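Let's look for the empty spaces in a protein model. Take a moment with the structure below, then read on.

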Amino acid sequence: MSETVFRVRIRCTPEALWGALTDTDVPRPWMDGGTVHSSWAPEAAYEMRAAGSEVALGHVVAIDPPRRLKATFDPRWDPAVVNEPPGTLEYLIEAAEEGVCELTVRIAGLRGASAARVERDTPGTYARLKEWVEGGAGR
């Protein structure tokens, strides 16, 4: 099993960052235009989609807006990963300094092709999130 941890500082409020991560049915340029759909209530299901296909599925494990979201994470982006066991995805948002948040992304428990892709793609995905939010989309 693997664990990928990525931290990034983003010039925004915790609420703006929370919205960028959890707004439902809104295309995310930082995630290749994909959308996520959920009520984000405890134990609620979520579905991430891109280009008309499921990318990941899961359920909310813990939520404390705008500070923490932990969910199961079951990748579906490729037939090679569908039968691999799910892991967890956790977002932690902390105020770092005036007008800056630190986002910690922790993806754990994946194996095989899922773990390899998460390890490879996570830094770029959240660097794009930073650019998008700081460019005014998250304000």
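The largest pocket has a volume of about 490 Å³. On a 1 Å grid over the protein atoms alone, a pocket is an open set of points with protein on both sides within 12 Å along at least five of seven lines, while a cavity is a set of points where a 1.4 Å probe fits but cannot get out. Grid points are joined across faces, edges and corners, and a volume is the space filled by probe spheres set on the points.

This is a predicted model, in which local features need pLDDT of at least 70, side-chain atom pairs count only at pLDDT 80 or more, and totals for chains, interfaces and linings use all residues. Residues are numbered from 1 along each chain as its sequence is written, and side-chain values use heavy atoms, leaving out hydrogens and water.

The pocket is lined by 23 residues, and Met 31, Val 55, Trp 77, Arg 117 and Thr 125 are the closest to its centre. Lining residues have an atom within 4 Å of a point. α2 gives the most to this pocket's lining, seven residues.

Now to the closed space: there is one cavity of 30 Å³ or more, and the largest cavity has a volume of about 110 Å³. Its lining includes Leu 21, Arg 28, Trp 30 and Met 31.

Here are the two linings by class (nonpolar: Ala, Val, Leu, Ile, Met, Phe, Trp, Tyr, Cys and Pro; charged: Asp, Glu, Lys and Arg; polar: the others, Gly among them).

| Lining | Nonpolar | Polar | Charged |
|---|---|---|---|
| Largest pocket | 12 residues | five residues | six residues |
| Largest cavity | 11 residues | no residues | one residue |

Terms used
Helices (H or I, at least four residues) and strands (E, at least two) are DSSP runs, numbered from the N terminus.
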